[in-house]
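Biologist: I am new to this structure and would like a close look at a single part of it, with the terms explained along the way. Please take me through that part slowly and then connect it to the rest.

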Amino acid sequence: MGLLTPDPGLLFWMIVVFAVVFFVLAKYGFPVVIKMVEDRKAYIDESLKSARAANEQLANIKAESEKILTEAHEEQARILNEAAATRDRIIKDAQDKALAEGARLMEEMKRQVEVEKECAIRDIRRQVAVLSVGIAEKVLRSKLADEKVQEELIDHMLDDMLESAKKQ
């Protein structure tokens, strides 16, 4: 026989073996392979669903994070505005207190100067009284008889007292 023409007995047995192998594969092999392919397809479908869900969650998280970031910026701006307003209020309060304290101290100093002025005037009056008594005493001791001399002496002493008071 030739190489290209198969023997009919061989052909028969090849068909029988092929049918048996096909039957065994169809009965036991193909269902396992098909089940594995279907399981793989189900796994891939589930993975795709999970990926879509993850993408949706990621998009939601991204939108939420942008919203939170926007709110944080708004809160930051509000806090900065409040801090600036508080700072301005504190500065104004401090300035008002300083002005009030300055006015109070100025008034107190004016009163103190007035009191010292009054004390100085009383002291000058007392000194003038003492000097006047001293002058009178000197005048009486000296030349009580001569009026002209007494008047000159009193004028001279008063001039001296006025000059010494002006120097002080």
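Modeller: Aspartate 160 is found in helix α2, which covers residues 147-167, where helices (H or I, at least four residues) and strands (E, at least two) are DSSP runs numbered from the N terminus. This is a predicted model, in which local features need pLDDT of at least 70 and side-chain atom pairs count only at pLDDT 80 or more, while totals for chains, interfaces and linings use all residues. Residues are numbered from 1 along each chain as its sequence is written, and side-chain values use heavy atoms, with hydrogens and water left out.

With a relative accessible area of 37%, aspartate 160 is partly exposed, a class that lies between buried (under 20% relative accessible area) and exposed (over 50%), judged with a 1.4 Å probe and protein chains only. Aspartate 160 also belongs to a negative surface patch, together with Glu147, Glu151, Glu152, Asp155, Asp159 and Glu163. Patches are made of residues with over 30% relative accessible area and no salt bridge, like charges being joined within 9 Å and nonpolar side chains (Val, Leu, Ile, Met, Phe, Trp, Tyr) within 5 Å. A salt bridge, in turn, is a side-chain nitrogen of Lys or Arg within 4 Å of a carboxyl oxygen of Asp or Glu.

To connect this part to the rest, the protein has 2 helices and 0 strands, and helix α1 takes in residues 8-141. Phenylalanine 22 has its place in helix α1, is partly exposed at a relative accessible area of 46%, and joins Val17, Phe18, Val21, Leu25, Phe30 and Ile34 in a nonpolar surface patch with about 670 Å² of accessible area together; such areas come from the Shrake-Rupley method with a 1.4 Å probe, and for residues only the protein chains shown count as cover.

The structure holds 9 salt bridges, and arginine 104 takes part in one with glutamate 101, whose closest N and O atoms are 2.4 Å apart, as well as in one with glutamate 108 at 3.1 Å, N to O. Glutamate 101 and arginine 104 lie 3 residues apart in helix α1, about one turn of the helix, and glutamate 108 is 4 residues from arginine 104, again separated by about one helical turn. Elsewhere in helix α1, aspartate 123 and arginine 126 are 3 residues apart and form a salt bridge with closest N and O atoms at 2.5 Å.

Notes: Lys and Arg count as positive and Asp and Glu as negative; His and the chain ends are not counted. The place of a charge is taken as NZ of Lys, CZ of Arg, CG of Asp or CD of Glu.
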